[in-house]
Amino acid sequence: MLLALDTSTAAVTAAVHSGAPGTPGTVLAVETVVDARGAGEHLAPAAHRALARAGVTVDELTDIVVGVGPGPFTGLRVGIVTGRVLALTSGAALHGVCSLDALAADARERGVVAADQPLLVATDARRKEVYWAVYPRDVHRSQGPQVGPAAELPDDVRELPALGAGVALYPDALTGGIPDLPTEVDAGVLARLAADHPEVLTSTEPLYLRRPDSQVPGQRKRVLL
């Protein structure tokens with residue numbers, strides 16, 4: 001049994017899958033709440049609801065998969081720490097997956113983009129930037145993940161078929177946008193990706209890609225009277 005969690009986009013999402021990395025299975029339950037600032041509030045309840053719907057207890061989990069971003073600092077920390085705590089308490093093996101890979105897998109699953117057709121995934125990185133990666137085939141990256149202004153991506157990349165929240169935000173720069181595709185990660189897709197493509201599994205180190213907005217205050221200057 002596998003539990004998948006992701007908080008890298010506006011979706012706070014959890015899913016239970018009957019397989020494991022490299023082992024076939026099916027998604028038994030998915031719970032998703034779209035709230036870009038509510039990961040801390042919604043993730044644990046969503047995971048418990050998914051487990052309850054699937055009829056699975058935490059002790060039955062053999063694997064836990066967490067989306068490691070790229071994404072916002074607070075959201076990623078909530079998802080990754082939750083996964084680490086559940087793995088520690090259950091004894092399940094813990095794995096990370098680049099969240100952009102799940103969006104690429106979603107497009108491939110839907111048949112919107114052929115398995116051998118190059119694909120760009122671009123999500124909202126705020127600060128007028130996108131997190132992006134290029135998939136020349138399947139769910140395997142040739143570039144990224146990286147972060148930067150959409151208009152500064154290489155010309156050949158900006159013209160690729162593209163999906164993700166960044167495409168809707170910067171349509172003039174990312175001209176290959178594919179309409180009517182999800183812009184948020186679905187934990188059910190993340191779970192299937194981990195089960196069907198164990199080669200994409202990684203550590204649970206978060207892919208922040210840049211420094212946080214908040215910084216540790218420096219030493220105060222002394223004022224002589």
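Trainee: His95 sits in strand β5. Why is His95 called buried or exposed, whichever applies?

Mentor: Bear in mind that this is a predicted model. The relative accessibility of His95 is 15%, and the cut-off for buried is under 20%. So His95 counts as buried.

Trainee: What does His95 touch, leaving out residues up to four places away in sequence?

Mentor: His95 is in contact with Pro21, Asp63, Ile64, Val65, Val66, Leu201, Thr202 and Thr204.

Trainee: Let's try Leu120. Where is Leu120, and what makes it buried or exposed?

Mentor: Leu120 belongs to strand β6. Its relative accessible area is 0%, and buried means under 20%, so Leu120 is buried. Beyond four places in sequence, Leu120 touches Trp132, Ala133, Val134, Leu153, Val157, Leu160, Pro161, Ala162, Leu163 and Leu174.

Trainee: How far apart are the C-alpha atoms of Leu120 and Leu153?

Mentor: They are separated by 11 Å, with the two residues 33 apart along the chain. Contact goes by heavy atoms within 4.5 Å, and Leu120 does touch Leu153 by that test.

Trainee: Which residues touch the most other members of the largest nonpolar core?

Mentor: That core has 29 residues, and the ones touching the most other members are Leu119, Val121, Tyr135, Leu163 and Leu193. Two or more residues come from each of β1 (2-6), α3 (99-109), β6 (119-126), β7 (129-135) and α6 (187-196). Apart from this core there is another, of 22 residues, including Ala39, Leu51, Ala54 and Leu86.

Trainee: What is Leu163 in contact with, neighbours within four places aside?

Mentor: Leu103, Ala107, Leu119, Leu120, Val121, Ala122, Leu181 and Pro182. As a general point, nonpolar side chains tend to be buried together in soluble globular proteins.

Trainee: What makes α6 count as mostly covered?

Mentor: Of its 10 residues, 8 are buried. Those are Ala187, Gly188, Val189, Leu190, Ala191, Leu193, Ala194 and Ala195. The cover over the buried residues of α6 includes β1, β2 (11-17), β3, β4 (63-67), β5 (93-97) and α3.

Trainee: On to charges. How do you know that Glu31 and Arg53 form a salt bridge?

Mentor: Their closest N and O atoms are 3.1 Å apart. The limit is 4 Å, so the pair qualifies as a salt bridge. The two partners come from distant parts of the chain: Glu31 is in strand β3 (residues 27-34) and Arg53 in helix α1 (residues 39-54), 22 residues apart.

Trainee: Are those two partners buried or exposed, and what makes them so?

Mentor: Glu31 has 14% relative accessibility, which is under 20%, so Glu31 counts as buried. Arg53 has a relative accessible area of 53%, and exposed means over 50%, so Arg53 is exposed.

Trainee: And why is the Arg110 and Asp106 pair called a salt bridge?

Mentor: The N to O distance is 2.7 Å, and the limit is 4 Å, so the name fits. Asp106 is buried at 6%. Arg110, at 49%, falls between 20% and 50%, so Arg110 counts as partly exposed.

Trainee: What about Arg158 and Asp155, and where do they lie?

Mentor: Their closest N and O atoms are 2.8 Å apart, which is within 4 Å, so this too is a salt bridge. Both lie in helix α4 (residues 155-158), 3 residues apart, about one turn of the helix. Arg158 is buried at 18%, while Asp155 is exposed at 52%. Elsewhere, salt bridges that share partners join Glu31, Arg49 and Arg53 into one network.

Trainee: How many salt bridges turn up in the whole structure?

Mentor: The search finds 9.

Trainee: One last topic: what volume does the largest pocket have, and which residues are closest to its centre?

Mentor: The volume is about 610 Å³. The lining has 31 residues, and the closest to the centre are Ala36, Gly71, Pro72, Phe73 and Arg126. Elements giving two or more residues to the lining are α1, α2 (73-90) and β6, with the largest share, 5 residues, coming from α2.

Trainee: How does the lining divide by residue type?

Mentor: There are 12 nonpolar, 10 polar and 9 charged residues. Gly counts as polar and Pro as nonpolar, so in this lining Gly71 goes with the polar group and Pro72 with the nonpolar one.

Terms used:
Residues numbered from 1 in each chain as written. Predicted model: local features only at pLDDT ≥ 70, side-chain atom pairs only at ≥ 80, totals over all residues. Heavy atoms only, no water. Core = buried A, V, L, I, M, F, W, Y, C linked by side-chain atoms within 4.5 Å. Buried < 20%, exposed > 50% of the residue type's maximum accessible area, 1.4 Å probe, protein only. Helix = DSSP H or I, 4+ residues; strand = E, 2+ residues; numbered from the N terminus. Salt bridge = Lys/Arg side-chain N within 4 Å of Asp/Glu carboxyl O. 1 Å grid on protein atoms, 1.4 Å probe; cavity = no way out; pocket = protein on both sides within 12 Å on 5 of 7 lines; lining within 4 Å. Points joined across faces, edges and corners; volume = space filled by probe spheres on them.
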